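Got the viewer open? Let's take a walk through the helices and the empty space between residues, one selection at a time.

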Amino acid sequence: MSVLKKNLLQFALMISLTSTLGSLYFSEILKLPPCLLCWYQRIFMYPLVVIFAVGIWKKDKNIPYFALPLSIIGTIIAAYHNLLYYKIIPESLAPCTLGISCTTKQIEWLGFITIPFLSLVSFIAITLIMLLFKKYSTAK
């Protein structure tokens with residue numbers, strides 16, 4: 001457990017960096033156009049890479065105060081995107097009116113791993129890591 005505690009920020013950095021590079025790979029290499037909700041999720045994910053990198057470098061214990069608002073809002077947007085994608089809420093509630101639809105299936109690995117799903121998992125993981133980091137850093 002001490003290895004986990006010592007490296008929470010590094011795990012968060014790895015997740016945010018992988019998510020950022022993954023989204024760029026999908027759009028720039030595979031040429032899959034991002035929908036409007038994907039853009040919003042990128043807006044909340046990309047700064048996390050810088051926040052975690054600088055926070056690790058500066059040994060800042062206040063990182064959750066900067067990262068949690070971004071990860072929580074990103075989680076909400078990603079959850080909404082997944083509800084649309086899996087048709088739990090009607091597509092008429094989708095904000096995607098121009099360009100690609102928010103419910104377009106671009107990838108689907110193992111029958112359930114999609115781009116919106118990957119985003120949701122990343123945001124939830126980062127949020128949980130930040131809550132654990134906050135708990136462990138204030139317990140001292």
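Before the first stop, a word on angles: helix axes here are lines fitted to C-alpha atoms over the stretch in contact, and the angle between two of them runs from 0 to 180 degrees between N-to-C directions. Keep in mind, too, that this is a predicted model.

**Stop 1: colour by confidence.** Mean pLDDT for the protein is 90, with 94% of its residues at 70 or more. Of the elements, helix H2 (residues 8-29) has the highest mean, 97. The lowest belongs to helix H1 (residues 2-6), at 76.

**Stop 2: select H2 and H5.** Pick residues 8-29 for H2 and 115-138 for H5. Their axes come within 9 Å and cross at roughly 160 degrees. Angles over 145 degrees count as roughly antiparallel, so that is how H2 and H5 run relative to each other. The crossing of H2 and H5 is left-handed.

**Stop 3: bring in H3.** Add residues 36-58, which make up helix H3. How far apart are the axes of H2 and H3, and at what angle do they pack? The axes are 9 Å apart, and the angle is about 140 degrees. H2 and H3 are therefore oblique to each other. This crossing of H2 and H3 is left-handed.

Now hide H2 and look at H3 with H5. The axes of H3 and H5 come within 12 Å, crossing at roughly 40 degrees. That makes H3 oblique to H5. H3 passes H5 in a left-handed crossing.

**Stop 4: the largest pocket.** Show H2, H3 and H5 together again: each supplies at least two residues of the lining of the largest pocket. That pocket holds about 420 Å³ of space. Its lining has 24 residues, and to find the centre you can select Ser 19, Ser 23, Phe 26, Ile 115 and Ser 119, the closest ones to it. Colour the pocket lining by class and you get 13 nonpolar residues, 10 polar and 1 charged.

**Stop 5: the largest cavity.** How many cavities of 30 Å³ or more does a search of the whole structure find? The search finds 1. About 100 Å³ of space lies in the largest cavity. To centre your view there, select Cys 38, Tyr 85, Thr 104, Gln 106 and Pro 116, which lie nearest the cavity's centre among its 14 lining residues. The elements giving two or more residues to this lining are helix H4 (63-85) and helix H5 (115-138). By class, the cavity lining splits into 9 nonpolar and 5 polar residues, with no charged ones.

**Last look.** Leave H5 highlighted as you zoom out: H5 gives at least two residues to the lining of the largest pocket, and two or more to that of the largest cavity.

How values were computed. Residues numbered from 1 in each chain as written. Predicted model: local features only at pLDDT ≥ 70, side-chain atom pairs only at ≥ 80, totals over all residues. Heavy atoms only, no water. 1 Å grid on protein atoms, 1.4 Å probe; cavity = no way out; pocket = protein on both sides within 12 Å on 5 of 7 lines; lining within 4 Å. Points joined across faces, edges and corners; volume = space filled by probe spheres on them. Helix = DSSP H or I, 4+ residues; strand = E, 2+ residues; numbered from the N terminus. Nonpolar A, V, L, I, M, F, W, Y, C, P; charged D, E, K, R; others polar. pLDDT = per-residue confidence, 0-100. Parallel < 35°, antiparallel > 145°, perpendicular 65-115°, else oblique. Left-handed = near helix turned anticlockwise from the far one by under 90°.
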